Amino acid sequence: MDWGLKNRMSRVFKSKTGRTVMLAVDHGYFQGPTTRLENPRKTITPLVPYADSLMLTRGTLRNCVDAVADVPVVLRVSGGPSILKELSNEEITTSMKEALRLNSAGVGMSVFVGGEHEKQTLVNLGHLVNEAEEFGMPVLAITAVGKEMERDSRYLGLACRIAAEYGAHIVKTYYCKEGFGKVVDGCPVPIVIAGGKKIEEKGALEMSYNAIQAGAKGVDMGRNIWQSDHPVAMIKAVRAIVHDNYTAKEANELFEKEKKRS
Ligand code: 5RP
C-alpha cells in the first residue's frame with residue numbers, strides 16, 4: 001500500500017487496536033434536517049472528542065465543525081436524489097481536489113447493489129477509486145442503504161464483496177444476526193457497520209459487540225449515537241466495545257453509569 005494511503009488509513013483505524021469508531025453525520029444529504037441532527041454543530045461538537053473520524057458532507061464540515069478540531073474526516077462525495085426520489089440514482093458530487101483541500105482522511109460514497117441504478121453507482125465507485133488512488137486517498141463504499149430490503153447475509157455478502165472487488169478500501173454495511181461472519185470473511189477489506197434506525201441502547205451495544213466479534217473493524221454509526229438521550233454516554237460505551245474489548249453487558253453498565261453524568 002502506498003505511504004499516503006496507508007497513513008490516511010491509520011488516521012481512521014487506530015494503530016493500537018486496528019479498529020475505529022467513525023461518527024456518521026451525513027444523513028442530511030438526502031434526508032434534510034434529520035431528527036436530532038437539525039442543528040449539526042450542536043449535535044456534533046460534544047461527540048468530537050470521542051470519535052476516531054467524522055463521516056459527513058463538505059457543507060456540514062465547513063459550516064458546523066471547527067477547522068481546528070482534532071479529528072480526521074471521511075468526506076461523503078456522492079449524492080443526487082433526496083429522500084423524495086429514487087435513492088440509487090447517485091453520482092459523484094464532490095471532487096477529489098475538494099477532498100484534498102479539506103484535508104480528508106478518506107472519501108465515502110454509496111453503492112446500491114440490486115437497486116435501480118446499480119450499474120451507475122458501481123461504475124461511480126470504480127472511477128472514484130481510480131482517481132483516489134492517484135492521491136493516496138482511501139475510499140469507503142457504503143452498501144445496503146435504501147428503502148426496505150432483505151438485509152440478510154447473502155445480500156450483504158454480495159454487496160460488500162462487489163464493493164471490495166471494485167477497489168473500495170473500506171466497506172460500510174449493516175449487521176445481520178445470522179451469518180455476519182461470512183459477510184466479513186468474503187470481504188477482503190475492513191468492514192465497519194452502520195447502526196441503522198435507532199433502537200434501545202442495550203440492543204445497539206449488543207449489535208456492536210456481535211459485529212466486532214464476527215470480525216468487523218469498527219462502526220460508522222449515526223442515529224444510535226446521536227438520537228440517544230445520552231449521546232456522549234453512548235459513544236463512550238461503543239468505544240469501550242471497539243477499543244477496550246468490553247462485552248455488551250459491560251458496555252451497557254458503562255452507558256448507565258455515564259448517562260448519570262450527562
Ligand atoms: C446514509 C449513511 C449513514 O451515514 C449511515 O446510514 C450510518 O448511519 P446510521 O448509523 O444512522 O445508520 O451513509 O447513507
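# A tour of the chain, from a loop to the core

Select asparagine 245 first. With 13 C-beta neighbours inside 10 Å, asparagine 245 counts as partly exposed, because the exposed class stops at 12 or fewer and burial starts at 20. This asparagine sits in the loop between helix 11 and helix 12 (248–261). Check its backbone: phi is near 55°, a positive value in a residue other than glycine. Most residues other than glycine have a negative phi. Keep in mind throughout that the model is predicted.

**A second asparagine**

Go to asparagine 103. Its phi is also positive, about 60°, although the residue is not a glycine. Asparagine 103 lies in the loop between helix 5 (96–101) and strand 6. Is asparagine 103 buried or exposed? It counts as exposed, because 12 C-beta neighbours lie inside 10 Å.

**The whole chain**

Zoom out and show the cartoon. The chain has 12 helices and 10 strands. The C-alpha trace spans about 45 × 40 × 40 Å along its principal axes. A compact globule of 262 residues would have a radius of gyration near 18 Å; the 17 Å of this chain agrees with that. Colour by burial next: 49% of the 262 residues count as buried. Now turn to contacts with a separation of 6 or more. Of these, 67% join residues 24 or more positions apart.

**Helix 11**

Select residues 231–244. This is helix 11, and methionine 234 lies in it. Methionine 234 is buried, because 28 other C-beta atoms lie within 10 Å. Which residues touch methionine 234, leaving aside its neighbours within four places in sequence? They are Glu201, Ile225, Ser228 and Phe255. For a long distance, draw a line from methionine 234 to glutamate 98. The two are 136 residues apart in sequence and 32 Å apart in space, C-alpha to C-alpha.

**The largest nonpolar core**

Show the core as spheres. The largest nonpolar core has 81 residues. Those touching the most other members are Met22, Val107, Ala141, Ala163, Ala168, Val238 and Ala251. Helix 11 gives the most to this core, with eight residues. In soluble globular proteins, nonpolar side chains tend to be buried together.

**Alanine 163 and helix 7**

Pick Ala163 from that list. Beyond its neighbours within four places in sequence, alanine 163 is in contact with Val111, Leu125, Ala141, Thr143, Ala168 and Val171. Now widen the selection to helix 7, residues 153–165. Helix 7 has 13 residues and reaches 18 Å from its first C-alpha to its last. That is close to the 18 Å expected at 1.5 Å a residue.

Which residues of helix 7 are buried? Select Leu156, Gly157, Ala159, Cys160, Ala163 and Ala164. In an α-helix, residues three or four places apart point the same way. Show what the buried residues of helix 7 pack against:

- Among the helices, helix 6 (118–134) and helix 8 (180–185).
- Among the strands, strand 6 (106–111), strand 7 (139–143), strand 8 (170–173) and strand 9 (191–193).

Step past the end of the helix to glycine 167. This glycine follows helix 7 and has a positive phi, near 110°.

**Lysine 177**

Move on to the loop between strand 8 and helix 8, where lysine 177 lies. Lysine 177 is exposed, because just 9 other C-beta atoms lie within 10 Å. Draw a line back to tyrosine 155. Lysine 177 and tyrosine 155 are 22 residues apart in sequence and 13 Å apart in space, C-alpha to C-alpha.

**Valine 65**

Select valine 65, in the loop between helix 4 (58–64) and strand 3 (73–76). Valine 65 is partly exposed, because 19 other C-beta atoms lie within 10 Å and burial starts at 20. Its contacts, leaving aside neighbours within four places in sequence, are Ile44 and Leu54. Isoleucine 199 is 134 residues from valine 65 in sequence and 27 Å away in space, C-alpha to C-alpha.

**The ligand**

Finish at the ligand. How many residues surround it? There are 15, and the closest are Ala24, Ala194, Gly195, Gly222 and Arg223. The elements giving two or more residues to this shell are strand 10 (218–221) and helix 10 (223–226). Colour the shell by class: six residues are nonpolar, six are polar and three are charged.

Terms used:
Residues numbered from 1 in each chain as written. Predicted model: local features only at pLDDT ≥ 70, side-chain atom pairs only at ≥ 80, totals over all residues. Near = placed C-beta within 6 Å. Helix = DSSP H or I, 4+ residues; strand = E, 2+ residues; numbered from the N terminus. Nonpolar A, V, L, I, M, F, W, Y, C, P; charged D, E, K, R; others polar. Core = buried A, V, L, I, M, F, W, Y, C linked by C-beta atoms within 7 Å. Contact = placed C-beta atoms within 7 Å. Expected span 1.5 Å × (residues − 1). Rg over C-alpha atoms; globule rule 2.2 N^0.38 Å.
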